[in-house]
Amino acid sequence: MSPHDWNAPSYDRVATGVVALGHEVLDRLTLAGDETVLDAGCGAGAVTEQLVARLPRGHVIAVDASPAMVALATERLGEGADVRVADLTTLELETTVDAILSTATLHWVADHDALFTRLHGVLREGGRLVAQCGGAGNVADVRFAAANASSSPPFAEALAGFDPWTFAGARETEERLRAAGFTDVRCWLEPRKVPTAGAPEEYLRTVMLGAHLERLDPASHDAFVGAVLAQLGDFEVARYVRLNIEATAGPRPDR
Ligand SMILES: C[S@@+](CC[C@H](N)C(=O)[O-])C[C@H]1O[C@@H](n2cnc3c(N)ncnc32)[C@H](O)[C@@H]1O
């Protein structure tokens, strides 16, 4: 599944709760201030901006697969970061980095084995990976409602069986990280309720259902979002289960 483009201004408006979680994750990344750090899936750059502030003598490389997100992040960060359009599953950098931060992104990648191998490939030996993404049980109500709408007419033709998310468990992720060459691995799940910013319809459309909508005719977007929302009731909060990831890059395999 190739990544979809995002409505970056809308994400910036409504995803403030997700960004706040991202700031907590950044707090777990110990930095001296002179490192080169990759933000893997930088989105509109709000978390990246805080990362840049913590690296007064360092360097930030921020990548995201969405051209619209990269455009907004570039505008926000200016000279502060090297922002690029790139897919994490095929990411190549001209240098290794000292650390990788990733927030609210990795559950959009289907193949976590390939993903962690790639992240290991761009991290120097001893470098830290600190990440958070959706984990097992994440937004179970939305996932159920989306699957339900997807299997019903008129959406079934484009969406039957479609599920864009990899919501992995902690133990299986620890095993994958070790297999990819990481050591000192620790993963855990954390339930969190995040307000939908007083805009439940826009939140669903932008933050959650973008991959579904990309597969539908634009004329049916409102109906699909409405069909999901109708099953959720007021949807004042999103019931997240976050998968936290901390790991250190072991030796790089000979190439
Ligand atoms: C929910 S946003 C998170 C953005 C930001 N890290 C934050 O915390 O606000 C998820 C981001 O992951 C990006 N993404 C999804 N799959 C990707 C992939 N395979 N490679 C790179 N970026 C990807 C999306 O384009 C999107 O910008």
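How many residues surround the ligand, and which are the closest? I counted 20 around the ligand, the closest being Tyr11, Gly41, Asp64, Leu88 and Thr103; a residue is included if one of its heavy atoms lies within 4 Å.

A note on my source: this is a predicted model, where local features need pLDDT of at least 70 and side-chain atom pairs 80 or more, while totals for chains, interfaces and linings use all residues. Numbering runs from 1 along each chain as its sequence is written, and side-chain values use heavy atoms, without hydrogens and water.

Next, I looked up polar contacts (pairs of N or O atoms within 3.5 Å). Tyrosine 11 has a polar side-chain atom 2.7 Å from a ligand oxygen. For glycine 41, a backbone N or O atom sits 2.7 Å from a ligand nitrogen. The side chain of threonine 105 places an N or O atom 3.3 Å from a ligand oxygen. Of the 600 Å² that the ligand exposes when taken alone, the protein buries 97% (Shrake-Rupley areas, 1.4 Å probe).

I then sorted the shell by class: 13 nonpolar, 5 polar and 2 charged residues. In this scheme Asp, Glu, Lys and Arg are charged, Ala, Val, Leu, Ile, Met, Phe, Trp, Tyr, Cys and Pro nonpolar, and the others, including Gly, polar.

Last, the cysteines. My search of the whole structure gave 0 disulfides (cysteine sulfur pairs within 2.5 Å). Cysteine 42 is in none, and the nearest cysteine sulfur, in cysteine 133, is 16 Å away. Cysteine 42 is buried at 7% relative accessible area (buried means under 20%). Why no bond for cysteine 133? Its closest cysteine sulfur, in cysteine 187, is 8.9 Å away, too far for a bond. Cysteine 133 is also buried, at 0%.

Conventions. A polar contact is a pair of N or O atoms within 3.5 Å; within protein, one must be able to donate a hydrogen and the other to accept it, and residues adjacent in sequence count only if both atoms are side-chain atoms. Buried means under 20% relative accessible area, exposed over 50%, partly exposed in between (1.4 Å probe, protein chains only).
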